[in-house]
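Me: I should like to learn how to read a structure of this kind, one feature at a time. May we begin once it is in view?

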Amino acid sequence: MKFKRSEMATFVPSKKISMGESFGIPALNQVEIMIGESGGANVPPVEEYSFDKDRLGEFFVFWLSGLKALKLKGDPAAGKTSLVSQWHARLNWPLYSLSCNDRTTADDLIGQFIPQGDGTFKFFYGVVARAAMEGVSVLLDEGNALEPNAMLALHMLMEGYPVYVPQTGETIYPQPNFRVFFTENCLASKLAVAGRHLHDASTDDRFMEMNVDYLKPEVEIQVVKRHLTKVGMPADQQEMVADVMVKMANRIRSLYHVDGSTVIKPMSTRVLKRWAVLAWGFRGVSKRNEDPMLFSLQRAFGGLTPEMWAEVKAEYSKIAG
Ligand SMILES: Nc1ncnc2c1ncn2[C@@H]1O[C@H](COP(=O)(O)OP(=O)(O)O)[C@@H](O)[C@H]1O
Ligand SMILES: [Mg+2]
């Protein structure tokens, strides 16, 4: 049996543009960066995203460094996955993604034979092998859930060495521009305890590491205000509402780290955006003596335990007064 390296084309960035233009940060107008053709295959769709200049700078250094692997660490919902995906979206750059869990194996990353239903088997490359051969990026989301064994298969590729695929008898040579991104929730965080492996030191040795925090309050307030404007809240009400919302989010995020708090999940920017939109939509509930802010928060921030909701409400009364 012989397996050809399908008709995989190597990705080549085709033009140079200004970083300021691609990321909406005028201060970076003079910085140039190579990007791919628009509409290329496997490029994530552009979403609304506020880039923090410092974080973008760190990412940029990694991008140009020639290093192959970047690990992004931070609290859940801080914006790790979306930073990687929106970076690639803005650069028209292909990115394969895989959500990892403790059942993810080296085969999922490199490749495996899959039965075809007619009794035959066909070899399918995993995301990492594909990315290496095509010279594009791969995101291993929640990569700390990976079995250490699965990680071992990655080490060689992450250092730019060829890897032999025993199933097909071929050797994969990582192409230039092959990069591995790896997100990890902080081990200190409560959601991260189950099913996460502490990787051995040899794995950690192979990454550049970067911390991703929640947006700064002044930036997040702007994000919330944009959404309030979109749904039609009058400008004179926006400042106060956005301020309370962002204060609440940051309060919940810090309670998440407090022992004895019932807060089991932090509030993401996504929940904040939803809260903003719903708060205006539900403004009518004040006629029934309900607070539209709380009414909409409960609907925007799903999956809370009754205990957590009680704590959130109590914090809200403190902040909103
Ligand atoms: N800087 C930001 N601008 C806009 N939305 C953001 C930003 N950071 C996070 N979000 C939104 O918050 C949600 C959670 O982000 P995500 O990247 O999935 O977090 P993580 O991977 O750290 O758990 C996503 O919907 C994302 O779009
Ligand atoms: Mg994520």
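Me: Which helices each supply at least two residues of the shell around ligand 1?

Reply: This is a predicted model, in which local features need pLDDT of at least 70 and side-chain atom pairs count only at pLDDT 80 or more, while totals for chains, interfaces and linings use all residues. Residues are numbered from 1 along each chain as its sequence is written, and chains are lettered from A and ligands numbered from 1 in the order in which they are written. Helices (H or I, at least four residues) and strands (E, at least two) are DSSP runs, numbered from the N terminus. Here α3 (80–90) and α10 (269–281) each supply at least two residues of the shell. The helix that gives the most is α3, with 3 residues.

Me: Which residues come nearest to ligand 1?

Reply: A residue is near a molecule or strand if its C-beta atom, placed from the backbone, lies within 6 Å of it. There are 17 residues around ligand 1, and G79, K80, T81, S82 and R270 come nearest.

Me: How many residues of each class does the shell around ligand 1 have?

Reply: Ala, Val, Leu, Ile, Met, Phe, Trp, Tyr, Cys and Pro count as nonpolar, Asp, Glu, Lys and Arg as charged, and the others, Gly among them, as polar. On that scheme the shell has 6 nonpolar, 8 polar and 3 charged residues.

Me: Where does ligand 1 lie with respect to the domains?

Reply: Domain bounds come from an automatic or database domain assignment. For the protein chain, that assignment gives domain 1 (15–211) and domain 2 (217–320). Ligand 1 lies between them, because both domains give residues to its shell.

Me: How far apart are the C-alpha centres of the two domains, and how many residues does the contact take from each?

Reply: The C-alpha centres of domain 1 and domain 2 lie 32 Å apart. Two residues are in contact if their C-beta atoms, placed from the backbone, lie within 7 Å. The contact between the domains takes 10 residues from domain 1 and 10 residues from domain 2. On the side of domain 1 that touches domain 2, the residues divide into 4 nonpolar, 3 polar and 3 charged.

Me: In which sense does strand β3 pair with strand β10, parallel or antiparallel?

Reply: Two strands pair if DSSP finds at least two bridges between them. Strand β3 (residues 69–74) and strand β10 (residues 179–185) pair in the parallel sense over 6 bridges, and L72 stands opposite T183 in β10. Strand β11 (residues 208–211) also runs parallel to β3, joined by 4 bridges; in β11, M208 is the bridge partner of L70.

Me: Which residues of the largest nonpolar core touch the most other members?

Reply: A residue is buried if 20 or more other C-beta atoms lie within 10 Å of its own, exposed if 12 or fewer, and partly exposed in between, with C-beta atoms placed from the backbone. A nonpolar core is a set of buried Ala, Val, Leu, Ile, Met, Phe, Trp, Tyr and Cys residues joined through C-beta atoms within 7 Å. The largest core has 50 residues, of which V128, A129, A132, L140, L154, V180 and F181 touch the most other members. Helix α6 (residues 148–158) gives the most to this core, with 6 residues. A second, separate core of 25 residues includes W275, A276, F282 and L297.

Me: Is L109 buried or exposed, and which residues does L109 touch?

Reply: L109, found in helix α4 (residues 106–110), is buried because 26 other C-beta atoms lie within 10 Å. Not counting residues up to four places away in sequence, L109 touches G126, V127, V128, A150, A153 and L154.

Me: What is the sign of phi at N92 and E142?

Reply: Most residues other than glycine have a negative phi. N92 has a positive phi of about 50° although it is not a glycine, and E142 has a positive phi of about 55° although it is not a glycine either. N92 is placed in the loop between α3 and β4 (95–99), whereas E142 lies in the loop between β7 (137–141) and α6. N92 is buried, with 20 other C-beta atoms within 10 Å; E142 counts as buried with 21 C-beta neighbours inside 10 Å.

Me: How many helices and strands does the protein chain have?

Reply: The protein chain has 12 helices and 11 strands. Of its 321 residues, 36% count as buried.
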